[in-house]
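Let's walk through this structure together, from a pair of packed helices to the charged pairs that join separate parts of the chain. Keep the 3D view open as you read.

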Amino acid sequence: MFTEDARQGSPASTARFRELWDEIAPIGRDPRTGGYLRYAFGEPERRLREWFREQAERRGMPVTDDGNGNLFARWGDPAAGGAVLTGSHFDSVPHGGAYDGPLGIVSAFLAVDELRAAGITPERPVVVAAFVEEEGARFGVPCLGSRLLTGALPPERAADLRDADGIGFAEALGDRPAGARPDLLAGFAAFVELHVEQGRAMVDRDASVGVATAIWPHGRWRFDVTGEGNHAGTTRMADRRDPMLTYAFTVLAANKEARLRGAHATVGRVRVEPNATNAIPARVTGWLDARAAEEGTLAELVEAVRVKATERARRDGTEVTLTEESATPLVGFDADLGRRLAALLAAPTLPTAAGHDAGVLAGHLPTAMLFVRNPTGVSHSPAESASDADCAAGVTALARVLAELTSRAANDDLAGRTDRSGAAT
C-alpha cells in the first residue's frame, strides 16, 4: 500500500473515500446556497457528532469527551502511551464549504482503515479528534474547544459566551466546561491535522498533498460605534451623529491599511441598531478579521485602523471603541517534524494565513498539518472544493504519517522534544 504514489489516490481508495464522504455530505447543507450551516451543538453538528461515535464503534475505538465538547476516539492500548492525535472539526462558518474541517475527520478514520488493511498495528495508539467550535461562528471565539483543552481560554470565560439568541456555551454544552486537561495532553506525542487548502498554492505547484510550515498571526477585533438614533427624513444632514458613517470609513480604512502592509483585513459581519430603513442608526457593531505574516505588522495594522476610526468618529460626532476578541501569534509548526513529513511524502511545504486547532496545539506538543489541494482556491464558501482522488491521496498520506509516527523509535524521539509542561521544545 505505501509504495503507491501519494500524489494520487487509487481507484479503490477513491471509491472508499466517496462512500464515507457521502454519509455526511447532506448534513447541514442549505439547498438554496449549497453552503453548510453546521454550528457548534446545533442539530446538524450534533448529528455529525453522533456519526463520529458510530464510526468509532464500527472500528472498535472507544470514544471519550474531555468535558469541553471535544471528542476523542482511540485505536490502540492506552497503556502504551505516546498517542498520535489526528482529526479536525465539524462546525462551519455560515454557508461555508463542505471540506473545511470534516475532511480531516473522515480522512482520519479512513487512514485507520488503510493501516488495518495493510496489516499494520501501530506500536503507539492513534487518537481521532473532533474539536468543537473551531470556526467561532456561534460563540465568537475560534478554536474554542482546543483553547479550553490547552488552558488558553479560562472555562469561566467560555461558560459566559453567548450566541446571537442569548444561549450560553455552557447551556449548549450541557454543563460548565472542564477547562485545561493537562492529563489528557500528556498522553499525546504529536498532533497531525489534515485540512483542505484554503488557497491556490498547491494548484500552482501541481501537488495533491502539502505540508504546512506556519500560520500567520491573526485575530478578531470588535468595533462598537455609537451615535444618535433619529428620523431619516426629518433630521438635517448637518445635525446628524450617524455611526454608520464612522463604520463605513473604518471598513475602507482597514482595506487601505492592509494593502499598504501586504496584510489581510476583512469586515464580514455587522450589526446595526435599530436596523430600520427609515432610521439613522444609534449603534453599529462590526467585526474586523486581520492577519499578517509578522506579528509587528499585524499590530501596526490594527493600531492604524483604530487611529483612523477614532479620528473619523470625532468628525462624525460619534464614539468608537475597539475590543480584542481573540488573537493568535505567529505559529511555527515543529520544523523537524515538518521536514520529516515532507520528505516522507515527497510533498511541498507552504505557510497559511488561516487559523486551525493545530495552531493552538502547536504550543503544547509537536504538531504538523497536511493540506489537500483545493482546485478553486476558494474556502468558507460553497465553491470550496477537492477532488475525490486528491482526498484519497490525502488519506494515504495521513496513513503513511501515522504509520511512521506511531513506531516506537519515532514516537520516543517526539517525546524527547516535549518538556514536562507539554510545550514543544
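Glu-404 is a good place to begin: at 29% relative accessibility, Glu-404 counts as partly exposed. Bear in mind that this is a predicted model. Glu-404 forms a salt bridge with Arg-340, and the closest N and O atoms are 3.3 Å apart. The two residues come from distant parts of the chain, with Arg-340 in helix 11 (residues 335–345) and Glu-404 in helix 13 (residues 388–405), 64 residues apart. Arg-340 is partly exposed too, with a relative accessibility of 22%.

That pair belongs to a wider theme, as the structure holds 24 salt bridges. Side chains of opposite charge can pair when their charged atoms come close. Another example joins the side chains of Glu-300 and Arg-261, at 3.9 Å from N to O. Because Glu-300 sits in helix 10 (residues 295–316) and Arg-261 in helix 9 (residues 243–261), the pair ties together parts that are 39 residues apart in sequence. Glu-300 is partly exposed at 49% relative accessibility, and Arg-261 is partly exposed at 28%.

Now turn to the strands. Here the side chains of Arg-283 and Asp-224 meet in a salt bridge, 3.4 Å from N to O. This pair also links distant parts of the chain: Arg-283 lies in strand 11 (residues 283–291) and Asp-224 in strand 7 (residues 218–226), 59 residues apart. Is each partner buried or partly exposed? Arg-283 counts as partly exposed, at 29% relative accessibility, while Asp-224 counts as buried, at 6%. Both residues take part in a network of salt bridges that links Arg-222, Asp-224, Arg-283 and Glu-325.

For a contact of another kind, look at helix 2 (residues 43–58) and helix 3 (residues 102–117), which pack at an angle of about 10° with their axes 11 Å apart. That angle makes helix 2 roughly parallel to helix 3. Trp-51, Phe-52, Gln-55 and Ala-56 in helix 2 meet Ile-105, Val-106 and Phe-109 in helix 3. By class, this contact has six nonpolar residues, one polar residue and no charged ones.

Finally, find Ser-92 in the loop between strand 3 (83–89) and helix 3. Ser-92 is buried, with a relative accessible area of 4%. Its side chain reaches the backbone oxygen of Tyr-36 at 3.1 Å. Leaving aside neighbours within four places in sequence, Ser-92 is in contact with Tyr-36, Leu-37, Arg-38, Tyr-39, Glu-135 and Ala-137.

Terms used
Residues are numbered from 1 along each chain as its sequence is written. This is a predicted model: local features need pLDDT of at least 70, side-chain atom pairs count only at pLDDT 80 or more; totals for chains, interfaces and linings use all residues. Side-chain values use heavy atoms; hydrogens and water are left out. Axes are lines fitted to C-alpha atoms, for helices over the stretch in contact, and angles run from 0 to 180 degrees between N-to-C directions. Helices (H or I, at least four residues) and strands (E, at least two) are DSSP runs, numbered from the N terminus. Angles under 35 degrees count as roughly parallel, over 145 as roughly antiparallel, 65 to 115 as roughly perpendicular and the rest as oblique. Contact means heavy atoms within 4.5 Å. Ala, Val, Leu, Ile, Met, Phe, Trp, Tyr, Cys and Pro count as nonpolar, Asp, Glu, Lys and Arg as charged, and the others, Gly among them, as polar. Buried means under 20% relative accessible area, exposed over 50%, partly exposed in between (1.4 Å probe, protein chains only). A polar contact is a pair of N or O atoms within 3.5 Å; within protein, one must be able to donate a hydrogen and the other to accept it, and residues adjacent in sequence count only if both atoms are side-chain atoms. A salt bridge is a side-chain nitrogen of Lys or Arg within 4 Å of a carboxyl oxygen of Asp or Glu.
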